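Reader: Hi! Could you walk me through this one while I have it open?
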Amino acid sequence: MDTRKITDGVYWVEIPEANLYILCGCPADSVKHMSKRGLIVPKEKNGVQYETGPNAILLSDVSIQNGRFSNLAEFPVLQMFYRQGMILPGHPNNTGIRPLLIGLEDQVYAQSLYIYRGNYGLTSIQEILDTGVSTAQANEFMRLKMKFAFDKIQKTEELIDFRIIEKDAVELREGVFIHRKGVNVYEFLYNNSSTTVDLNLSPDMEYPSAYHLDSHCIGRDDFSIIHTGEGDGWDENHPCMASILTFKGKMYLIDAGPNITHSLTALGISVNEIEGVFHTHAHDDHFAGLPTLIRSDHRIKYLATPLVKSSVLKKFEVLTGINERRFKNYFQIQDLEFDKWNHIGELEVKPVFSPHPVETSILYFRAPFEGTYKTYAHLADIASFAVLEGMVTDNPQKSGITRKFVNNVKKRYHDPVDLKKIDIGGGYIHGMAQDFVKDRSTKLILAHTSMELTDEQKEIGSSASFGMEDVLIPASDDYFMKSAKHYLGSYFLDASRDEIESFLKCPLVVLNGGSIIIKRGTRNKELYLVLSGLVEVIDSKNQIHNTFCAGSLVGEWCVLTEEPCRYTYRTKSYVRALRIPQKLYLDFIKKKKLYETAIEVHEKRRFLRGTKVFGDIISCYVENWIAQVMTDYAYKKGEYLDADDQGRLFLVESGEVEIMAKDRIIETITAGDFYGEERIYGNPPYILSARVAKNSKMKIIPGNVLKGVPVVQLTLLERLKKRMNLIKTGPGIEWGDEFSMKIKELDEQHKALFQLVNEFITAPQKQELKKIAMNIINHTKRHFEYEEGLMQKYRYPDFQTHKKEHEKLLRELKTYHGRLNDSGKILISEIIHFLKSWLVKHTLTVDRKYINLFHSKGLS
């Protein structure tokens with residue numbers, strides 16, 4: 001038994017005698033890490049080329065560690081299926097042994113659905129129709145999808161074997177057992193030998209990137225393209241195909257692949273500087289960085305067609321638990337129309353449908369310049385002309401596409417522009433450079449490949465290294481100084497134009513990455529307003545390590561107090577900053593009589609950074625805004641925290657507080673922790689309460705203030721989910737007052753559902769499951785009809801949305817019921833997980849939305 005560390009939080013365990021090669025932990029780019037360590041290498045067998053690699057994956061117990069996703073199994077599974085050949089007909093490695101997915105029930109269940117959506121996107125005509133396309137288009141798209149899927153959409157459990165880990169050791173294969181020793185700590189046992197892996201990250205760790213990126217100092221233009229990735233999901237030395245589009249000084253991502261923050265840091269850009277993301281499709285090499293963009297202090301614009309958006313959000317929800325309604329809390333959604341110029345201010349974008357296994361758009365951009373337009377096209381992912389020709393069929397009953405469809409795709413691919421980036425990855429689902437020999441665009445960039453370009457390809461298009469920039473329209477304004485003006489105006493709301501201008505006359509400096517700006521213990525005579533890039537805030541003695549981003553003031557405390565600096569400030573990337581002399585700053589603060597306020601607000605910001613809510617990257621001006629509305633309050637032992645119906649966030653400054661569900665203590669929190677997330681996100685009647693166990697001091701923030709800060713919202717939502725999970729006890733679901741709607745008939749119907757679900761969970765004979773499942777469906781249908789009748793009677797304003805949710809749930813229940821016949825291919829535990837999660841969500845959150853209306857009508 002051989003165990004190796006691949007990278008932080010990721011291990012490799014191999015037992016050749018049992019034919020087990022286990023990837024333990026699978027964050028972003030784990031395939032690239034394995035290639036770097038020599039665990040994936042090319043081989044040949046019987047004249048067939050293939051790769052080695054894992055045939056099993058152990059998932060992390062937690063889906064997120066230190067703000068990064070721990071379980072992204074899509075690409076490791078694809079590597080097993082196609083590059084190792086485990087699923088390919090006639091391949092020597094297709095021996096009938098399936099890959100293994102190992103882990104806790106909820107993680108295995110989530111990853112199985114995540115892989116399924118990653119393989120196929122939308123999987124029915126109805127799902128496609130729901131995006132607003134015509135019936136004819138939906139049928140055309142589905143015929144194409146079925147052709148890519150070889151005429152069969154398969155559930156993940158039909159392709160992969162699952163091993164659910166519970167209390168006892170579980171046999172994986174051939175006498176190899178796994179035992180969970182603690183959170184994220186697992187022991188493998190085989191033939192009297194054992195090895196242990198610990199997948200936990202320490203608080204100061206992040207999952208590292210597989211590749212090094214040189215630092216770049218990026219400007220801000222009127223219209224330019226920064227090339228941030230020309231590789232693919234397998235290229236161990238480069239990021240995946242992506243671009244940054246700058247327009248009038250604003251930064252837009254085109255796709256968000258794995259390790260997006262690594263790329264942004266190398267370019268001297270923080271997540272908070274991103275204006276929006278244009279999205280082409282939901283494959284991981286273009287999608288995996290999307291959840292990272294939530295960790296911003298503002299809602300980034302999400303720009304995609306409804307077809308692509310629906311495919312992306314179904315996958316996103318499985319990964320994060322955030323549905324489309326909640327997605328709007330984290331991103332500003334702007335739907336784009338196919339084949340039309342959509343206006344994003346003066347910038348215009350035209351999405352064009354591109355044939356691919358999942359719903360995909362290629363994107364054409366244009367910006368006005370000197371009476372005409374400058375144009376850019378981003379073609380990821382596309383299909384080769386040869387593959388498209390092989391799909392043509394005149395039979396509308398068969399999977400495939402029409403001749404007219406193919407001709408239109410070819411024409412759109414060849415639309416001439418000033419700059420065009422194309423996918424030349426080849427194979428069954430990617431493009432070929434040779435298809436663009438006659439393209440009349442001014443410049444072609446060849447991308448989405450891990451292979452060296454051939455001479456033939458080099459004659460067709462250019463290469464682009466990371467950080468290279470194509471400027472289509474040069475800057476007509478100093479956008480960094482415009483940012484400085486915005487930040488200063490946000491800090492000093494009462495400042496006159498002349499006073500702001502006096503700061504803008506200060507020198508704009510560019511600092512290299514890795515440079516110390518101010519050392520701890522020194523007295524600095526100037527402070528820095530960060531305009532771009534990242535600055536580390538370090539006090540190693542007290543184990544403090546935070547990050548400042550654009551909009552932050554570096555060295556403000558030292559300038560205000562003239563005391564030695566508390567921290568060392570060190571650039572993490574190239575940084576542009578306004579260097580402000582101490583005298584100018586102090587004179588302004590004292591003139592405006594802001595000195596005491598500045599000291600108070602600074603100390604509040606310092607407190608916020610030490611909490612479990614605000615420890616992430618948040619700009620100082622957003623912290624200022626929060627600090628100014630934060631109030632102090634002292635509570636005595638035995639008092640309850642009053643969160644009120646509008647929602648307030650309680651940050652514990654000192655003392656101890658018990659979080660309770662009914663009369664049961666589910667958690668005790670101390671300094672730096674928080675309470676109040678349920679009132680901010682939930683619907684009445686509320687379940688949680690908080691009782692002071694020791695005299696406590698609190699800082700209180702109105703909940704509505706936090707709704708524009710996605711990274712904070714995500715932290716609160718994660719904690720709410722954790723606390724709701726603590727309410728559930730035992731293998732079944734126990735009915736309690738927290739589930740009551742205080743309406744007798746509805747409560748009786750819910751209790752009956754609880755009883756039926758518990759009967760399913762505890763059924764002694766597998767033969768009984770199908771009968772109980774049908775009873776659940778029938779009762780649920782009657783319950784939904786009763787609810788909908790009340791909604792219509794009392795004119796519930798969100799009736800149509802609620803009705804669609806009912807229809808979706810019934811479809812899912814019927815699908816699970818049908819799959820119970822599939823010779824045991826469906827895990828019973830997967831159905832149990834679905835039933836428990838659905839029922840708790842239904843009673844604790846979904847039905848809470850109409851309860852106030854029903855009570856106001858006298859229902860009880």
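Reader: Which strands form the open sheet, and in what order?
Author: Happy to help! This is a predicted model, and its open sheet has seven strands, ordered β20-β19-β18-β17-β16-β15-β27, with mixed pairing.

Reader: Nice. Which strands stand at the edges?
Author: Those are β20 (331-335) and β27 (469-473). Each has a single partner strand, so one side of each is left without a neighbour in the sheet.

Reader: And how are neighbouring strands turned against each other?
Author: By 20° on average, ignoring direction.

Reader: How many bridges join β19 to β20?
Author: Five, and the two strands run parallel. Ala 304 sits opposite Asp 335 of β20.

Reader: Which helix packs on the sheet there?
Author: Helix α8, residues 306-320, touches both β19 and β20. The direction of α8 makes about 115° with that of β19.

Reader: Switching topic: what does helix α17 pack against?
Author: Its buried residues pack against β32 (544-548), α15 (556-561), α18 (620-629), β37 (648-661) and β40 (688-702). Among those buried residues are Ile 599, Phe 607 and Leu 608, and also Lys 604 and Arg 605.

Reader: What span does α17 reach?
Author: From first C-alpha to last, the 15 residues of α17 (595-609) reach 21 Å, close to the 21 Å expected.

Reader: Last one: is Asp 61 buried or exposed?
Author: Asp 61 counts as buried, because its relative accessibility is 7% and the cut-off is under 20%. Asp 61 lies in the loop between β6 and β7.

Reader: Which side chain does Asp 61 join in a polar contact?
Author: That of Arg 180, at 2.8 Å. Farther along the sequence, the contacts of Asp 61 also include Leu 104, Gln 107 and Tyr 186.

Terms used. Residues are numbered from 1 along each chain as its sequence is written. This is a predicted model: local features need pLDDT of at least 70, side-chain atom pairs count only at pLDDT 80 or more; totals for chains, interfaces and linings use all residues. Side-chain values use heavy atoms; hydrogens and water are left out. Two strands pair if DSSP finds at least two bridges between them. Helices (H or I, at least four residues) and strands (E, at least two) are DSSP runs, numbered from the N terminus. Axes are lines fitted to C-alpha atoms, for helices over the stretch in contact, and angles run from 0 to 180 degrees between N-to-C directions. Contact means heavy atoms within 4.5 Å. The expected span of a helix is 1.5 Å times one less than its number of residues. Buried means under 20% relative accessible area, exposed over 50%, partly exposed in between (1.4 Å probe, protein chains only). A polar contact is a pair of N or O atoms within 3.5 Å; within protein, one must be able to donate a hydrogen and the other to accept it, and residues adjacent in sequence count only if both atoms are side-chain atoms. Lists of a residue's contacts leave out its neighbours within four places in sequence.
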